[in-house]
Amino acid sequence: MENPILETGTFIHNAIRQDLDGRTSELVTRFPPEPSGYLHIGNAKAVYINFELAKAYGGKCNLRLDDTNPSREEGEFVTAIQEDIRWLGYDWQDRLFFASNYFGRFYECAVRLIEKGLAFVCDLSQAQMREYSGGVDKPGTESPYRNRSIEENLDLFTRMKNGEFPDGAKTLRAKIDMASKNLNLRDPVIYRIMRLEHHNTGDEWCIYPMYDFAHPLEDAFEGITHSLCSLEFEDHRPIYDWYVSNLDFAQKPRQIEFAKISITNTVMGKRFIKELVENGKISGWDDPRLVTLRGMRRRGYPPEAIRAFLGATGVNKATSKYEFDYLEFFVREALMSTARVVMAVLNPLKVIITNYPENEQEMLTLEYHTKNDLGSREVPFSREIYIEREDFMEEPAKKFFRLAPNKEVRLKGAYFITCTDVIKDEAGNITEIHATYDPLTKSGTGTEPPRKVKGTLHWVSAAHAVPITARLYDTFVVDSPDSESGVEINPNSLVEMNEALGEPCLKDAKAGDSFQFMRNGYFCLDSGDNDELVFNRTVTLKSSFS
């Protein structure tokens with residue numbers, strides 16, 4: 001499938017090629033996540049764009065942890081972000097940076113703005129600043145502290161740094177334009193006082209820079225040529241350029257915005273996911289129903305499938321919403337050639353083959369894949385087996401080609417069997433099926449009779465079956481609202497089949513191994529259940545996407 005992100009002629013390629021012809025000789029991009037949560041598919045789009053474009057132009061992409069706000073950030077997210085990006089298939093080599101390592105340089109830049117008369121210490125509270133800021137159709141009012149002298153501002157800012165004032169008592173603000181139509185330019189805050197332990201710098205600092213101030217400076221420090229970010233930062237571009245220009249950097253990075261992606265029937269907001277975790281609605285940030293990279297990994301999504309999906313979504317200026325089925329299409333495409341095909345019965349119904357010798361068993365050799373050479377395994381066959389309960393119907397509907405009274409079907413890789421009797425309990429529930437087999441119909445012997453059967457069933461030997469748990473996933477939320485507040489979780493988003501049985505070969509599966517459970521879908525051995533054989537259904541075999 002074509003990759004629209006890498007197609008020449010798009011707005012982002014045109015801008016890069018134009019700059020490489022004159023403004024810079026090498027493309028340098030960056031992915032700058034805030035370590036306040038785990039990465040999701042939307043973050044992965046930014047990872048993909050920045051790393052793939054750098055690769056396409058023979059450039060570099062830095063990984064930078066934008067850790068300027070200790071009220072939301074944790075060390076565990078720093079580690080997880082790096083692990084997830086590597087799993088997705090990208091390497092920043094020796095170019096790992098932390099915004100917190102620039103705290104000293106940020107402070108020096110803020111002092112430089114004060115010395116140039118472009119920043120001032122303000123005593124207004126947050127509520128007062130909102131009142132002074134005006135509105136879309138109303139210019140703001142200048143702070144009464146805006147015209148403090150350079151000397152006074154330098155003294156107050158030094159005392160802010162030294163911890164002489166309580167949290168929230170003062171801020172450092174840029175002196176730009178309170179009448180600007182762009183509200184981001186109405187004397188924005190540069191620094192605030194906040195006494196919180198930082199995961200990297202401890203309690204060394206009690207003042208922290210705002211993102212809009214730190215972001216362009218980080219890019220300039222690292223020699224970033226193109227700051228590729230989501231469309232929400234388009235209105236922030238003037239302040240980005242203002243800081244870069246007024247701090248006299250020799251090479252000025254260029255900010256270019258692209259649209260985020262949205263996927264139906266799921267949620268991506270960090271605050272909302274955190275709330276779901278804290279309320280026990282989901283098992284964690286790696287819940288397989290989520291489109292966090294950790295959740296998708298645990299569900300069994302191959303990283304190459306996620307990259308293929310991200311590439312196919314292109315790079316746009318308008319937010320695009322994609323059906324969840326579209327993502328699953330790429331997952332299915334990746335797994336159909338790599339997943340080993342085995343048999344597992346999710347809702348077992350016992351079948352006793354009455355004319356098969358009671359104490360006998362035989363080993364059948366079955367390939368793991370009919371088209372690709374993924375090896376083979378030995379599958380035991382015996383008198384008592386299990387089939388899917390839905391594969392038997394006592395009064396078969398029209399075009400029901402599976403097992404029914406006096407009807408013959410093929411057992412995958414084994415024999416033809418015919419149902420001869422139905423055993424029920426006192427309540428009328430079917431407890432087991434009796435059948436006979438035709439020994440001349442063994443698969444692969446070349447002695448099969450000329451008659452044809454339309455139904456082929458998967459099965460497991462009762463004496464050799466391995467108990468497993470199968471988790472079946474559906475879309476996470478019922479609908480796809482524009483807001484994540486009040487979304488309704490689909491009650492069928494997770495269904496556990498606790499009495500499932502699988503082939504003996506599944507005992508040797510390792511966490512993360514993917515299989516096609518014949519006729520039931522693609523499954524992955526869960527990584528979060530220690531030694532238990534819990535398999536998450538990654539995706540069904542068929543898709544509604546076209």
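Which residues are linked with Arg-30 in a network of salt bridges? Select Arg-64, Glu-218, Asp-219 and Glu-222 along with Arg-30, and you have the network on your screen. Before you go on, keep in mind that this is a predicted model.

**Stop 1: more salt bridges**

That network is a good way in, but there is plenty more to click on: the count comes to 37 salt bridges. Let's pick out a few.

Select Arg-294 and Asp-84. Their side chains meet in a salt bridge, with 3.1 Å from N to O. Now look at where the two partners come from: Arg-294 belongs to helix H10 (residues 293-299) and Asp-84 to helix H3 (residues 75-88), so this pair links distant parts of the chain, 210 residues apart. Turn on a surface and compare the two ends. Arg-294 counts as partly exposed, at 22% relative accessibility, whereas Asp-84 is buried, with a relative accessible area of 1%.

Next, select Arg-159 and Asp-155. Here too the side chains meet in a salt bridge, this time at 3.6 Å from N to O. Both residues sit in helix H6 (residues 150-161), 4 residues apart, and that is about one turn of the helix. Are these two buried or partly exposed? Arg-159 is partly exposed at 28% relative accessibility, and Asp-155 is partly exposed as well, at 40%.

One last pair: select Asp-287 and Arg-289. Their salt bridge has an N to O distance of 3.0 Å. Asp-287 is buried, and Arg-289 is buried too.

**Stop 2: helix H3**

You've already met Asp-84, so stay there and select its whole helix, H3. It has 14 residues and reaches 20 Å from its first C-alpha to its last, close to the 20 Å expected at 1.5 Å a residue.

Now colour the buried residues of H3: Phe-77, Val-78, Ala-80, Ile-81, Gln-82, Asp-84, Ile-85, Trp-87 and Leu-88. What covers them? Show strand S1 (28-31), helix H2 (41-56), strand S2 (60-65), strand S3 (96-98), H10 and helix H11 (303-312), which are included in the cover over these buried residues. H10 should ring a bell, as it holds Arg-294, the partner of Asp-84.

Before leaving, step just past the end of the helix. H3 is followed by Gly-89, and the phi of Gly-89 is positive, near 115°.

**Stop 3: an open sheet**

Select strands S4, S5, S6 and S7. Together they make an open sheet of 4 strands, in the order S4-S5-S6-S7, with antiparallel pairing. Which strands stand at the edges? Strand S4 (119-122) and strand S7 (207-209) do; each has a single partner strand, so one side of each is left without a neighbour in the sheet. Look along the sheet and you can follow its twist: neighbouring strands are turned by 20° against each other on average, direction ignored.

Zoom in on the middle. Strand S5 (residues 171-174) and strand S6 (residues 189-193) pair in the antiparallel sense over 3 bridges. Pick Leu-172, then find its bridge partner in S6, Tyr-191.

Now add helix H4 (residues 103-115) to the view. H4 lies across S4, S5, S6 and S7, running at about 120° to S6.

**Stop 4: strand S17 and its partners**

Move on to strand S17 (residues 384-388). This strand is mostly covered, with 4 of its 5 residues buried. Add strand S14 (residues 348-353), which runs antiparallel to S17 and is joined to it by 5 bridges. To check one of them, select Ile-352 and look for its bridge partner in S17, Glu-384.

Then add strand S22 (residues 460-461), which pairs with S17 in the antiparallel sense over 2 bridges. Here Tyr-386 stands opposite Val-460 in S22.

**Stop 5: the cysteines**

How many disulfides does the structure hold? The answer is 0. A disulfide is a covalent bond between the sulfur atoms of two cysteines.

Why does Cys-61 not form one? Select Cys-61 and Cys-229: the closest cysteine sulfur to Cys-61 is the one in Cys-229, and at 13 Å it is too far for a bond. Cys-61 counts as buried, at 3% relative accessibility.

Finish with Cys-524. It is in no disulfide either, and the nearest cysteine sulfur, that of Cys-505, is 15 Å away. Cys-524 is buried, with a relative accessible area of 2%.

Methods:
Residues numbered from 1 in each chain as written. Predicted model: local features only at pLDDT ≥ 70, side-chain atom pairs only at ≥ 80, totals over all residues. Heavy atoms only, no water. Disulfide = S-S within 2.5 Å. Buried < 20%, exposed > 50% of the residue type's maximum accessible area, 1.4 Å probe, protein only. Salt bridge = Lys/Arg side-chain N within 4 Å of Asp/Glu carboxyl O. Pairing = 2+ DSSP bridges. Axes fitted to C-alpha atoms, helices over the stretch in contact; angles between N-to-C directions. Contact = heavy atoms within 4.5 Å. Expected span 1.5 Å × (residues − 1).
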